[in-house]
Amino acid sequence: MKRTIFTKSTTALILTLLVLGAFFPKGLSQKLMAGAIILWLAMLCGQFLIRHFGRGDRKISLRKIRTFVSGKRRAEKRTAKPPAPVPEPAGFPHEGEYPCLFSEQEAEMMLCHISLRITDKLKSAYPQAVWQWKQKPSLKDILAGATLRIAVDDMEKYNHADICFDRFGRIHVQPLVVGSFQPSAQDTPPEPENEEPKAPSVVDVSVWYELVGQKVLESLITELNAGGHTRLTIKENGDVVIRQNKKELLKATLENFPGRNYWEELVSTLEENELKARIAGDALQVSWV
């Protein structure tokens, strides 16, 4: 009996495929032939279920099938082990907290890269432009889309600009002209009395640069280079200044700066550290491009 049913169903399938291939276009006949094969396989599966669940009477019971499937699922649930909790990555923020995924050094590096992008943006329109932060921002403020203000120089009539980043990371620059009030005589601090400069002590220039000068200059040059500056000036008293809005702007002071009689040696030391230096009157000019 099984052979008879199988033979008849197979014969019917073959005849159906021949008829579909002969009387229908190629594209349509292929789809119909695939459907006929799927229908034939479904019939075979149905007969298998009838033989498996009918227990001799060959009548399938939908309730038996449901009972079998649900019982199997319950057994799997009882034997299955609960999934192990996934440990939260170290340093990953809790919900609602700012994602502090960067170390302090990485944040400084990213801020320097952002500064370089601002410089490229400004110099594309004003090749001589230089700038500096009015108040150095944090990486959190920039990622939050805050508007940041910078002071600019050599941008024609503009002396400030507002910087912001959109959600696509594009920089938007809005040049501004911001006036300043002249300080009153009461607000002007009295000038200190002239004091005789102390005679510089004898120093080892290379050791002084290694312990004092290198750290200050490298940090300062990184900041100034990001703002478009290419040089700085060191005065006899150790004040490090740059030109900003056609005025001298004090950026740092080098402690125990060597006296003039050591400047030739200091120029050589700076050149060994890939900095160009020259003596210009009563000051030392240092450039890095």
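Me: Which residue in strand 4 does F165 stand opposite?
Reply: This is a predicted model, where local features need pLDDT of at least 70, side-chain atom pairs count only at pLDDT 80 or more, and totals for chains, interfaces and linings use all residues. Residues are numbered from 1 along each chain as its sequence is written, and side-chain values use heavy atoms, with hydrogens and water left out. Strands are DSSP runs of E, at least two residues, and helices are runs of H or I, at least four, numbered from the N terminus. Across from F165, in strand 4, you'll find I171.

Me: How many bridges join strand 3 to strand 4?
Reply: Strand 3 covers residues 158-165 and runs antiparallel to strand 4. Two strands pair if DSSP finds at least two bridges between them. Here the number is 6.

Me: Which are the edge strands of the open sheet?
Reply: The sheet has 4 strands in the order 1-2-3-4, with antiparallel pairing. An edge strand here pairs on one side only. That gives strand 1 (130-133) and strand 4 (171-176).

Me: Which helix supplies the largest share of the largest nonpolar core?
Reply: A nonpolar core is a set of buried Ala, Val, Leu, Ile, Met, Phe, Trp, Tyr and Cys residues joined through side-chain atoms within 4.5 Å; buried means under 20% relative accessible area with a 1.4 Å probe, protein chains only. This one has 24 residues, and L217, L232, I234, F257 and L270 touch the most other members. Helix 6 (205-226) and helix 7 (263-272) each supply at least two residues. The largest share, 7 residues, comes from helix 6.

Terms used. Buried < 20%, exposed > 50% of the residue type's maximum accessible area, 1.4 Å probe, protein only.
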